[in-house]
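Dear colleague,

I am passing on a structure that you have not worked with before. Please have a look through it, and then read the notes that follow.

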Amino acid sequence: MSATTASPRLLPEFRMTGNGFRTLVRTQARLLRREPAIVLSGIALPVALIIVFGVIPAFGKPSASLGGKTTLDVYVPTFAMLSSVLTAFTALPVSFADLRERGVLRRLAVSPVPAAGLLAAQVTVIAATAAATAAAVVLIGVVGFGATLPANPALMLASYVLGTTALLALGLLISALAPSAGVATAFGVPTMILNFFFAGVYVPLQSMPHVLRDLSGFVPYGAIVDTWSGSGAAWQHLAVLAGYTVVGALAAARVFKWE
Amino acid sequence: MPAIEVRNLKKTYGDTTAVADVSFEVGEGEIFGILGPNGAGKTTTVECISGLRTPDAGAVRVLGLDPGLDRENVRQVLGVQLQESQLPAKIQVREALELYASFYREPADVGRLLAQWELTEKATARFGKLSGGQKQRLAVALAMVGNPRVVVLDELTTGLDPHARRTAWEMVEQVRAAGVTVLLVTHFMEEAERLCDRVAIIDAGRVVAVDTPAGLAAYGSAAGQRMRFRPSAPVQDALLLALPEVSSVERHGAYLEVAGNSEVIGAVTALLARRQIIAAELRVEQNSLDDAFIALTSHPGDSDGPHHTSRTTSEESR
């Protein structure tokens, strides 16, 4: 009787009104603005760090060990990326888990909005916040403290965009499942630390065993840093990041729990 | 085509069977009630109809569509007010309505909804600051925002004060007046009696009766009728008990309470009239859905039922 072919789908439902998506993005942006604590660390920390690094005189001097670059030059991309990492693994999963815990998602579940649309709208808002923060970090570093931009801005931008989407897709997967803000943090923070580790934040990548070094190219933040440092083929790293983005986002929409 | 069709629905969670076997049909334009004690499977049934749960067995259709497989199309025509669902505390009333309106292909006018549900003055108030009654009005307005053909209202009036409850009843009648089919889940007999065209009583995951409220009340007549009055002159118990219609007589101070079958009122008043005794402050307890409900759903060890205590402490006559 019903005209639709009723077979279980592999791909999640995407259909949604254009007006619905725009209104959802606008509403989520408003709500985030009214609850600024959720994204504050993702904005404040990178900005504060770039300013601190900027005012330390030694970090502004070219160093032979850095190939004539200053410490500040090296850290501008890192801090620009930091906002994406922080928001992907804290703000994004925690805000979703909070909505889930309060039954907000339960109400949305009986409206026509698809899980994919909901995730996409929240990612749009979070990614815009992260991008604005990254732009601020670059601007402060370059204009405020005279840092020089990397030699290949196009590659930097590509790695930034794909890196952000890859990190957010991983964060989405946690967002899709975490039943409470506590669980979201319990999964988000270790994932974040793992990413920091493979990006060489704690131990320089150069001093890691070969196995770990090779592995780092397959962890999102590691692949981003490898793209910057020119270790391995850039296209390969970008492909890894694109893979995380596609698989993570599809899986998140597929396994999304409304309550 | 029925508005809602539920056939041999079954749903278990681990070892617990929430719904064992539930079937019913709701015709278009009806207000159909689902009554049952707590834990009877009402909410699970509603969740299967809303597409929140996938049935383990059986079938659910809303206007001929499967809510599990045809998610989008069912949601476009089905409005739902759920228990334990919330909005973000900081969203404003109008924002919430505009957000939900944007999800539908043919939404209702938000300004009109605000006016209809008396929320215009609260349009810029945040959800977290609303009173219980205002939240319920917003919940119904949200259920109506997609111009649905079928609306599910799950325990709409639970937790409302009597005044707000009456307002809510008027809301349900307004919804039906708009031509919308209503599935009303409740544990208030009075509510079902007042609003519903037909009622299904669900107990322990099964439908135990489906009928009009009057039909169900008649079913409960095994419990008989009851009258209470203050006689203007002394009456012997034996005199009353001699009437075949009377099953029990009790005294509460100056008052007499007489219970019996459906003819008891006529028989007793005739007897009193013959003796020129006036039954002052006469109160008749009509057989209600309450009696039917208790008769149909009572099982031993179930002291904490959802029913209010309108029963007197006379010995049961059944």
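**Contact between the chains**

Where chain A and chain B meet, the contact takes 26 residues from chain A and 28 residues from chain B, two residues being in contact if their C-beta atoms, placed from the backbone, lie within 7 Å. This is a predicted model, in which local features need pLDDT of at least 70 and side-chain atom pairs count only at pLDDT 80 or more, while totals for chains, interfaces and linings use all residues. Residues are numbered from 1 along each chain as its sequence is written, and chains are lettered from A, with ligands numbered from 1, in the order in which they are written.

On the side of chain B that touches chain A, the elements giving two or more residues are α2 (71–77) and α3 (93–102) of chain B, where helices are DSSP runs of H or I with at least four residues, numbered from the N terminus. With five residues, α3(B) gives the most to that side.

**Cores and domains**

The largest nonpolar core (buried Ala, Val, Leu, Ile, Met, Phe, Trp, Tyr and Cys residues joined through C-beta atoms within 7 Å; buried means that 20 or more other C-beta atoms lie within 10 Å of a residue's own) has 152 residues. Helix α3 (residues 71–101) of chain A provides the largest share of this core, 16 residues. A second, separate core of 13 residues includes V249(B) and L272(B).

Chain B is divided into domain 1 (4–218) and domain 2 (225–286), with bounds from an automatic or database domain assignment; the centres of these two domains, taken over C-alpha atoms, are 43 Å apart.

Best regards

Conventions
A residue is buried if 20 or more other C-beta atoms lie within 10 Å of its own, exposed if 12 or fewer, and partly exposed in between; C-beta atoms are placed from the backbone.
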